[in-house]
Amino acid sequence: MTDKEIEENSEKFDVNQGQEELDVANKSLTEALGVSFSILKIIMVILVILFIGSGVFSVQSEEQALVLRLGKIRGVGESRLLGPGFHWAFPEPIDEIVRIPVKKVQSLGIDSFWYFMTEEEKLGKVSRYAPATMNPIKDGYCLTRNDSISGVEGTDYNIVHSKWQLTYRIDNPERFFRNIYYRAPNPGEDFFDVTADMVEPLLRSMSADAIVTTMVKYSIDEAIVSNPDIPDNVESLLQQKLDQIDSGITVVEMQIAGKITWPRQVDDAFQASNKASQEKQKLITEAKAYSEKMLNEAGGPDAEQILVALKAEDLSEEQRKSLLSRLSGSSQEQIARARAYRTKVVETAKASAEYLHEILPEYRERPRLVLQKIYQDAIEEVLNNAEEKIFIQPAISGKSKELRILINRDPLIGKPKKSE
Amino acid sequence: MKNVSVLTFVVLIVIVLGLFFVSFQVRETEKALVTTFGKPTSSIEEPGWYWKWPSPIQVVYKFDSRGHLYEGLMEETTTKGGEPIIVTSYIVWKIGDPLQFLESVHDSKGAEEHLRSLLRNTQNEIIGQHYFSEFVNSDPEKVQFEEIEIEMLASLEAQAMSDYGIEIKAVGIKQLGVSEKVTQDVFERMKADRKRKTETILAEGNAESTKIRTDAESKGTELLAVVEAEAKAIRGSGDAEAAKYYKLLEADPELAMFLRDIEALKKILEEKTTIVLGAETEPIKLLRGVPDIKPKK
């Protein structure tokens, strides 16, 4: 081999070596890349699965949900609202889930028509002091009208305080969602925290509107007895207003919390009027009791009815008798006495007549004897019963004797009364 | 192979990122306004997904299209008759025309400021057209409260829409009151009314109780009269029947009389009697001695 040839050979060898080195390098690089790409592919697949999986969500039992796909509500008609359970949607930003609480009845107290109370008063301390005027900024109140007197125009109004309790429910979540503004809950808040800020002021304002409108139509007397028409009217008026703005909120009930009351400033006058009402009732009750007692004594419990029946035009004897027999009390006594009299009179007459006829035959035969017997018996009896018997010998001569009798003796001395 | 997947992957990412720049969503509860080069070009009210040129060529403003509540302040105003009243009103409003809204008002805050003065003016105007008797009246038929609220709505609606692109959904008065000084007079009047009522109630009570009593008494009297008549009739019938028996006594009137007198005597002298008799009276004369009698043949 020549030197040149040797040089050429070594050059070739070097190049080959270099090439070989490159090949090896290439190979490991491609291997490495291949491995990382596989890993990448696996990661991508996992990510896609996760992506799809994160679309699962659940709706709680007191909620309903809407899905906004690219801004629009997904679905048509009934299926737009998703009920409780598990559902799937594309994750954001394609789909957005909006949860709205339904069925849950919430309540709200409306105090804007009550007078201002200090902290102590709120805790129960009763203060006798009431300011002479009502400050519209601090004290809340409603105006009610006066009684209507036909023919008299009047714009006199009265001031009353009231507290109310509203219970409501979101019945149509889609409408509510579309038409009532509320901010999205911050992390850590749920929907109800948001309603306090957003929905309650609206309900308060509209309720107050309904209350003011209604109260003005009623008189103060109707208000302070909490006439049930009043909260009913407020309820229907409020529902009307809520429907007008398509709120999807339903009024479950509007109640007067406690009662509607007059201002403290006129308490005395109203209390007096209450007492007068009670007094009036008492007088009437007493009068009725008296009336009942009277009629009861006179004729028994049905006296009044019987009297009315007795005054009827064509009453047969039997009907009369039966009606009269139902009377008791002093009426009954009177009739009984009359009957007793009648019986006695008749019996006496009968007895006399019978006795006469009994002794008549014997009398006709031996008149003197019969008379004598009867006479003697009578005298015997009389003398027996007499307390004191004084027999006076007639004067042998024609001289009259004087007799002095002591009267005024002790009236307690005497025979005990014979029992009948 | 690898190049293709790399390419697809990268392209996908670019597309997704790019979408953010050239499209936007309008949510169900939103309205959007698209401005091109700062000038408003279109307003979008339907929800959905839309294209746009990337900013700063086109900028999209989004507004919440739902109902907002604006609560007015307590204001004093006068009625047609010059009577002062205090009202607090509220408004429920929505964005009607996003373009107009953006130009005149900008955002909710600005809206409230404009609504405040608009509400005040409307209140004064409408309330000034009605008498106090249309707010409060003894005759509930004459109360025009709801009509007044409707009038306020009508007046506000037109102006709010044309000037500010705001749609007014509802207007209401949530508090109606009177000035503080007047309340004192009101209390005096309420007291006087009550006093009058109290007197009336008591008078009624007395009248009714008296009526019930006299009613009862007259009924009682009536009843007793009826009963007395009946008793009389009974006694009468007794007497009549007795008379029939007495007729029988005509068989021997003298004997009958004698028997009657004997009975009377016995009765009269039943008790507590002192009798003074001559000793000749039978059987007392027996006290003198044995009688002179002989047996019968």
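Tutor: A residue counts as buried under 20% relative accessible area, as exposed over 50%, and as partly exposed in between (1.4 Å probe, protein chains only). This is a predicted model, in which local features need pLDDT of at least 70 and side-chain atom pairs count only at pLDDT 80 or more, while totals for chains, interfaces and linings use all residues. Residues are numbered from 1 along each chain as its sequence is written, chains are lettered from A and ligands numbered from 1 in the order in which they are written, and side-chain values use heavy atoms, without hydrogens and water.

Student: Why is A:Arg175 called partly exposed?

Tutor: Its relative accessible area is 36%, and because that value falls between 20% and 50%, the residue is partly exposed.

Student: What makes A:Arg175 and A:Asp246 a salt bridge?

Tutor: A salt bridge needs a side-chain nitrogen of Lys or Arg within 4 Å of a carboxyl oxygen of Asp or Glu. The N to O distance for A:Asp246 and A:Arg175 is 3.5 Å, so the pair meets the cut-off. A:Asp246 sits in the loop between helix H6 (229–244) and strand E10 (249–256) of chain A, and A:Arg175 in helix H3 (residues 173–179), so parts 71 residues apart in sequence are tied together. Helices (H or I, at least four residues) and strands (E, at least two) are DSSP runs, numbered from the N terminus.

Student: What else is there to say about A:Asp246?

Tutor: Phi of A:Asp246 is near 55°, a positive value in a residue other than glycine. Most residues other than glycine have a negative phi. A:Asp246 has a relative accessible area of 25% and is therefore partly exposed. A:Ser226, in the loop between H5 and H6 of chain A, likewise has a positive phi, near 50°. At 23% relative accessibility, A:Ser226 is partly exposed.

Student: Why is A:Arg145 called buried?

Tutor: A:Arg145 has a relative accessible area of 7%, and because that is under 20%, the label is buried. The side chain of A:Arg145 meets that of A:Glu222 in a salt bridge, at 3.7 Å from N to O. A:Arg145 belongs to strand E7 (residues 142–145) and A:Glu222 to helix H5 (residues 220–224) of chain A, so the pair links parts 77 residues apart in sequence. The partner, A:Glu222, is partly exposed at 26%.

Student: How do you know that a salt bridge joins the two chains?

Tutor: The side chains of B:Glu146 and A:Lys217 meet at 3.1 Å, N to O, so the pair is within 4 Å and qualifies. B:Glu146 lies in helix H4 (residues 145–164) of chain B and A:Lys217 in the loop between helix H4 (191–215) and H5 of chain A, so two chains are joined. B:Glu146 is partly exposed at 29%, and A:Lys217 is partly exposed at 28%. In addition, salt bridges that share partners connect A:Glu174, A:Arg178 and B:Glu28 into one network. Over all chains, 26 salt bridges are found.

Student: Why is A:Glu200 called buried?

Tutor: A:Glu200, in helix H4 of chain A, has 19% relative accessibility, and because the cut-off is under 20%, that value counts as buried. Its C-alpha atom is 7.6 Å from that of A:Leu108, 92 residues apart along the chain.

Student: Which residues form the negative surface patch?

Tutor: A:Glu347, A:Glu354, A:Glu358 and B:Glu241 form it. Patch residues have over 30% relative accessible area and no salt bridge, with like charges joined within 9 Å and nonpolar side chains (Val, Leu, Ile, Met, Phe, Trp, Tyr) within 5 Å. Asp and Glu count as negative, and the place of a Glu charge is CD. Helix H10 (residues 329–365) of chain A gives the most, with three residues. One of the patch members, A:Glu358, lies in H10 and has 61% relative accessible area, so A:Glu358 is over 50% and counts as exposed.

Student: How confident is the predictor in each chain?

Tutor: pLDDT is the predictor's confidence in each residue, from 0 to 100. Chain A averages 80, with 85% of the residues at 70 or above. Chain B averages 85, and 98% of the residues score at least 70. Within chain A, helix H2 (residues 119–122) has the lowest mean pLDDT of the elements (73) and H6 the highest (92). For the complex, the predictor gives an ipTM of 0.73 and a pTM of 0.69.

Conventions: Accessible areas come from the Shrake-Rupley method with a 1.4 Å probe; for residues, only the protein chains shown count as cover.
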